[in-house]
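Please open the structure in a viewer and keep the sequence beside it. The tour below proceeds by selection.

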Amino acid sequence: MIPVTVVYVLNGPNLNLLGTRRPEVYGTTTLSILEELCREEATRLGLDLVFRQSNHEGLLIDWIHEAGARVKAGESIGAVFNPGAYTHTSIALHDAIEGTELPVIEVHISNVHRREAFRHHSYISPIARGTVVGLGVDGYRLAIDALHRMSPQ
Ligand code: CA2
């Protein structure tokens, strides 16, 4: 059997609330619908999808290590990552991505640059291959596609 290449989509804190509150900022799509949208895009590109969400920084770090190891093993093209509020606080997530050399596209549903000043800085952007900001949940599909185009495989 030919092994299928994996794309990771990782989501940080509070994104489990997607589609249930603050629709004016984050839209009405739930996390499970978002997973299906990502699965459709991955399938279209011939990729397997690993889609996860956690409210815990350490677990996100473990998943980055896992994804990085799978990229090194030639099993994955990398990760689309919405770190949620950890974007603006987490040197540990920055170090995990840098340390594993995981190819990451950073995604934000809202346009963080139109929002509070504390959302304007990202610890992830300097070590991301690219960023998609403010395009709603459609940004995930675009990011999967971009990661696939960047991949040498
Ligand atoms: O725009 C994004 O995708 C964010 O990463 C979302 C984070 C926020 O802290 C970042 O600054 C930008 C928040 C995720 C929380 O999502 C909610 C969804 C529905 C209701 C409440 C929160």
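The stops that follow concern the nonpolar cores and two loop residues.

This is a predicted model, in which local features need pLDDT of at least 70, side-chain atom pairs count only at pLDDT 80 or more, and totals for chains, interfaces and linings use all residues. Residues are numbered from 1 along each chain as its sequence is written, and side-chain values use heavy atoms, with hydrogens and water left out.

Select first Val7, Val9, Leu34, Cys38, Val80 and Tyr140, which touch the most other members of the largest nonpolar core, a set of 23 residues. Such a core consists of buried Ala, Val, Leu, Ile, Met, Phe, Trp, Tyr and Cys residues joined through side-chain atoms within 4.5 Å; buried means under 20% relative accessible area, exposed over 50%, and partly exposed in between (1.4 Å probe, protein chains only). Two or more residues each come from β1 (6-11), α2 (31-44), β2 (48-53), β3 (76-82), β4 (104-108) and α5 (138-150). These helices (H or I, at least four residues) and strands (E, at least two) are DSSP runs, numbered from the N terminus.

Next, centre the view on Tyr140. Beyond its neighbours within four places in sequence, Tyr140 is in contact with residues including Asn11, Leu15, Asn82, Val107 and Ile109, where contact means heavy atoms within 4.5 Å.

Then select Trp63, Leu93, Leu102 and Ile127, which are among the 20 residues of a second, separate core.

Finally, turn to the loops. Arg22 lies between β1 and α1 (23-26); its phi is positive, near 50°, and the residue is partly exposed at 43% relative accessible area. Glu101, in the loop between α4 (91-100) and β4, has a positive phi of about 55° and is exposed, at 54% relative accessibility.
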